[in-house]
Amino acid sequence: MTERRAPTLTMKLESLYALGQIRCAVCAERLTEAETQWDHVHALVLDGPDVGTNLRPLHIACHARITARLARDLGHIRRLTGETQKRRSRPLRRRMNGAVERVSQKES
Ligand SMILES: [Zn+2]
């Protein structure tokens, strides 16, 4: 007889997807794992922490929409504060997980 083990976090997440319990934090519709991206509630570009408690599941399209709005709002803020000239050499980029971050000075 094989030893019984506690379910892993991956197994628990699979179960929640199968039960339809994972919903988009923007539109509240059910998500499948394939259409899920994980968004930082407190954006990394605004010094949000890169931890699980700062993540929320979103549709790819919903994520793209709010990320575009964030980028636009950050652009407005930078123009208003005159930050644009100082940070011109450090553009924003989107990571594979959909999060927006500033390109580090080493890379730019
Ligand atoms: Zn959505």
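User: Is Ala-28 buried or exposed?
Analyst: Ala-28 is exposed, with 8 other C-beta atoms within 10 Å. The cut-offs are these: a residue is buried if 20 or more other C-beta atoms lie within 10 Å of its own, exposed if 12 or fewer, and partly exposed in between, with C-beta atoms placed from the backbone. This is a predicted model, where local features need pLDDT of at least 70, side-chain atom pairs count only at pLDDT 80 or more, and totals for chains, interfaces and linings use all residues. Residues are numbered from 1 along each chain as its sequence is written.

User: Where does Ala-28 lie?
Analyst: Ala-28 is in the loop between helix H1 (9-18) and strand E1 (36-40). Helices (H or I, at least four residues) and strands (E, at least two) are DSSP runs, numbered from the N terminus.

User: And what phi does Ala-28 have?
Analyst: Ala-28 has a positive phi of about 70°, although it is not a glycine. Most residues other than glycine have a negative phi.

User: Which residue in the loop between E1 and strand E2 also isn't a glycine but has a positive phi?
Analyst: That is Asp-47, with a phi of about 70°. Asp-47 sits in the loop between E1 and strand E2 (55-59). Asp-47 is exposed, with 7 other C-beta atoms within 10 Å.

User: What about glycines, say Gly-20 just after H1?
Analyst: Gly-20 takes a positive phi of about 75° there. Gly-82, just after H2, also has a positive phi of about 75°.

User: Back up a bit. How many helices and strands are there?
Analyst: The protein has 3 helices and 4 strands. Starting at the N terminus, their order is α-β-β-α-α-β-β.

User: How many residues of H1 are buried?
Analyst: The number is 0 of the 10 residues in H1, so this helix lies largely in the open. For the whole protein, buried residues make up 11% of the 108 residues.

User: What span should H2 have?
Analyst: Helix H2 (residues 60-81) has 22 residues, and at 1.5 Å a residue it should span 32 Å. Its end C-alpha atoms are 31 Å apart, which agrees. The expected span is 1.5 Å times one less than the number of residues.

User: Now Gln-37. Buried or exposed?
Analyst: Gln-37 counts as buried because it has 21 C-beta neighbours inside 10 Å. Gln-37 belongs to strand E1.

User: Which residues does Gln-37 touch?
Analyst: Leaving out residues up to four places away in sequence, Gln-37 touches Leu-58, Ile-60, His-63, Asn-97 and Gly-98. Two residues are in contact if their C-beta atoms, placed from the backbone, lie within 7 Å. Gln-37 and His-63 are 26 residues apart in sequence, with their C-alpha atoms 7.1 Å apart.

User: What share of contacts join residues at least 24 apart?
Analyst: Among contacts between residues at least 6 apart in sequence, 48% do.

User: Last one: where is Arg-93, and what does it touch?
Analyst: Arg-93 is in strand E3 (residues 92-94). Not counting residues up to four places away in sequence, Arg-93 touches Glu-101 and Val-103. The C-alpha atoms of Arg-93 and Val-103 are separated by 6.4 Å, and the two residues are 10 residues apart along the chain. Arg-93 is exposed, with 12 other C-beta atoms within 10 Å.
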